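User: I'm new to this one and would like a close look at a single part. Could you walk me through it once it's on screen?

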Amino acid sequence: MKNSILASLLAAGLVIGAASPALAHGSMKPSHGGVVQMSGEIMAELVRTPKGVDIYLTEEDEPIAASGFDAKLIVTPAAGAKTTTALKPVSGNKLTAAGLKLGAGSKAVVSLVSKKDASKTFLTFALK
Amino acid sequence: MKRKTKTLSSALCGLAAFAAFAGSIPAQAHGIWFAQRAKQMALIYGVGSDDLDAVSRLDKITSITGYDADGQPVPTRFRTAGAIPVVDSDEPLAVIAAAMDYGMWTKDKTGKWHNKGKDEVPGEIELSEHNFKYAVHMNALDAKVPVIPGHALQIVPMGPVPEAMGAPLMVKALYKGQPVAGAQILTEYVTDPDQVPAVTGADGTTTIRIRNQGHNVVVGILITASDAPTKYDRMEERATLSFVLPKLPE
């Protein structure tokens, strides 16, 4: 009897558990009013400002040092040629491309090369 | 023109017959494919769960090519990262491809393999062949896979790859860019390397069921006649097509 109750409870638990989302490795919610993309465990938030384009980097919800990467932004506009602009670390987890404007319909790729091990991460944004 | 088509068709039928005959003879089973390692795309050399030393075999790579989402070539190379070769490009890739000339291999009567032609191996010969290995990886399930220069054998999906394991996927084997009959197709090279292969029909196609809700490595094997009969009896072309089915969002 006890065993059958336990079995039923376990079965119910398994069903509920199966329907629940697993633990996330990082929030996909923007923190600076921009748009976000994730690659592997790195999340980048792209923010268009009057002064240019800012990128904020996090990993598993923790900021990661922008100075740890050689970074650039590769932009393919809706019409026109592809351009590449260096992203410079400002402070903390923030990179910036001062003066850069991104038009609607353009595709922007954040390219990050780790200074530690040369591993590469690409995050692609389709901008509205 | 009609005559040319007929000649090509006869040649392909002959090739298929050779493939069906030769396919019953076991050969060296190792292949190359791409898989993610520590967030990077790595070249793997092995078979099944054997993930062998690919770095020391990089000198056998004859080409690496990358294509963006529009099918345009992107400069791509390998970078050695410790024990593994990783794909290095300055832009994201939709399709990555590599070719390897693994050289001549001759098996003597004692079962020992020699990395040389049969004319250089004393005594009786059990098998001699020239091995070529190819790998193509799709970073998106709807990526357009072009005919890759330098890949004598290529496995291409007929349309977008379905997102769910168990779904049917029609693939086509291309030999020198043309559909080829008689190519053996294994659904999954890493998790089921010993399965009985499907064989492509006259139009070069066969339909498989996708095995994994994750990384998949489909492999095609084609045995062709020797282009240097004094050195080896046959050529083995071994081509992988890898892709990843998505998991549920975390």
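Is A:Gly80 buried or exposed, and why?

Analyst: Sure, and keep in mind that this is a predicted model. A:Gly80 counts as exposed because just 10 other C-beta atoms lie within 10 Å, and the cut-off for exposed is 12 or fewer. As for where to find it, look at the loop of chain A that runs between strand 5 (69-76) and strand 6 (83-91). From there, try hopping over to A:Ser106: that residue is 26 residues apart from A:Gly80 along the chain, and their C-alpha atoms are separated by 9.8 Å.

Chain B has loop residues to set beside that one. B:Ala38 sits in the loop between strand 1 (31-37) and strand 2 (40-47) of chain B. B:Ala38 is exposed too, since its count is 12 other C-beta atoms within 10 Å. Its backbone is worth a glance: phi is near 50°, a positive value, and the residue isn't a glycine. For background, most residues other than glycine have a negative phi.

B:Lys176 also has a positive phi, about 50°, without being a glycine. You'll spot B:Lys176 in the loop between strand 12 (168-175) and strand 13 (178-179) of chain B. Here the label changes: B:Lys176 counts as partly exposed because it has 13 C-beta neighbours inside 10 Å.

Finally, here's how the chains meet. Chain A puts 16 residues into the contact, and chain B puts in nine. On the chain B side, those residues split into six charged, two nonpolar and one polar.

How values were computed
Residues are numbered from 1 along each chain as its sequence is written. Chains are lettered from A and ligands numbered from 1 in the order in which they are written. This is a predicted model: local features need pLDDT of at least 70, side-chain atom pairs count only at pLDDT 80 or more; totals for chains, interfaces and linings use all residues. Two residues are in contact if their C-beta atoms, placed from the backbone, lie within 7 Å. Ala, Val, Leu, Ile, Met, Phe, Trp, Tyr, Cys and Pro count as nonpolar, Asp, Glu, Lys and Arg as charged, and the others, Gly among them, as polar. Helices (H or I, at least four residues) and strands (E, at least two) are DSSP runs, numbered from the N terminus. A residue is buried if 20 or more other C-beta atoms lie within 10 Å of its own, exposed if 12 or fewer, and partly exposed in between; C-beta atoms are placed from the backbone.
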